[in-house]
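This report considers the cysteines, the metal site and the main pocket of the model shown below.

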Amino acid sequence: MKFIPKTLIICILCFTSLYSYAQVTQVVAHRGYWDTPNNNQNSITALKRAQSIPVYGSEFDVNMTSDGVMIVSHGPKLETIADVQKASYKEVKKLRLKNGEKVPTLKEYLKQGKKGDIKLIFELKVHPAGEKENIAVKKSADMVKKMKLQDKVEFISFSLEACKQLAQLMPECRVQYLSGKIPPKELKEMGIMGLDYHYSQIQKNPQWIEEAHNLGMIVNVWTVNKPELIKEMIDLKVDFITTDAPELVLEMLK
Ligand code: MG
């Protein structure tokens, strides 16, 4: 009788350690899973595709038009528009993406996001510091609250000020800073609980991974598409890999 439970315990421990090893790194689809037929970066189709594979989350870019409409687009250039932040929503609405879809508003995008199980990695693009940025931050936070998506949204931004404000306004949502220059401890002191850095910054400062983990923070890296780099980041045990090739990374994590 004693032998069976012991074997069982060993099996469970082996399984648990293998499982946790396999789960160390998770995948974030960069601008949705867009690299498929009839698709486009930051489109609803790209989000739907990301929702159809076992990724942790899908990243998308958010800009505010000159008349205050939050749209999902990388910018500044958008098709025939030179700078989306200087264009009105009326101008944006006329455009079609390469796959024929319209440019989603943030509301439309989050509506689709709500239907899936994956996290929504919300990149608020940099807006002019001061009033414009403050409005863009507030609109972002208000929309997520209104749609009751606090459990699904994580914010990322290259603007340190926007990250600080979002961390204060939305304590339920994890915020990650993108620029790659600030060590984990300093970010945590500002209330920012994640690093989402270009992989080269993590190659230069691999000790930041352990430092971040010891501080209860997470490490995400972008944009990792090549097999040798994917392997390097998995071996470094980053928490998330943001990639244009989500299925390749999922395969390499098996
Ligand atoms: Mg982005």
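In this predicted model, a search of the whole structure finds zero disulfides. Cysteine 163 takes part in none, and the nearest cysteine sulfur, that of cysteine 173, is 13 Å away. Because a disulfide requires two cysteine sulfur atoms within 2.5 Å, the 13 Å between the sulfur of cysteine 173 and the closest cysteine sulfur, in cysteine 163, is too far for a bond. The table gives the accessibility of these two residues.

| Residue | Relative accessibility | Class |
|---|---|---|
| Cysteine 163 | 0% | buried |
| Cysteine 173 | 5% | buried |

Both values fall under the 20% relative accessible area that defines a buried residue.

The second topic is the metal site. The magnesium ion has as protein donors Glu59 (OE), Asp61 (OD) and Glu123 (OE), which lie 2.0 to 2.1 Å from the ion. Along the chain, the donors of the magnesium ion follow the spacing E-x1-D-x61-E. Distant parts of the chain are thereby linked: aspartate 61 belongs to strand S2 (residues 57-64) and glutamate 123 to strand S4 (residues 119-124), with the pair 62 residues apart. Aspartate 61 and glutamate 123 are both buried.

The remaining topic is the largest pocket, which holds about 220 Å³ of space. Its lining comprises 13 residues, and those nearest the centre of the pocket are Asn40, Gln41, Ser73, Leu78 and Leu97. Sorted by class, the lining of the largest pocket consists of six polar, four charged and three nonpolar residues.

Conventions
Residues numbered from 1 in each chain as written. Predicted model: local features only at pLDDT ≥ 70, side-chain atom pairs only at ≥ 80, totals over all residues. Heavy atoms only, no water. Buried < 20%, exposed > 50% of the residue type's maximum accessible area, 1.4 Å probe, protein only. 1 Å grid on protein atoms, 1.4 Å probe; cavity = no way out; pocket = protein on both sides within 12 Å on 5 of 7 lines; lining within 4 Å. Points joined across faces, edges and corners; volume = space filled by probe spheres on them. Nonpolar A, V, L, I, M, F, W, Y, C, P; charged D, E, K, R; others polar. Donors = N, O, S within 2.8 Å, 3.2 Å for Na, K, Ca; no water. Helix = DSSP H or I, 4+ residues; strand = E, 2+ residues; numbered from the N terminus.
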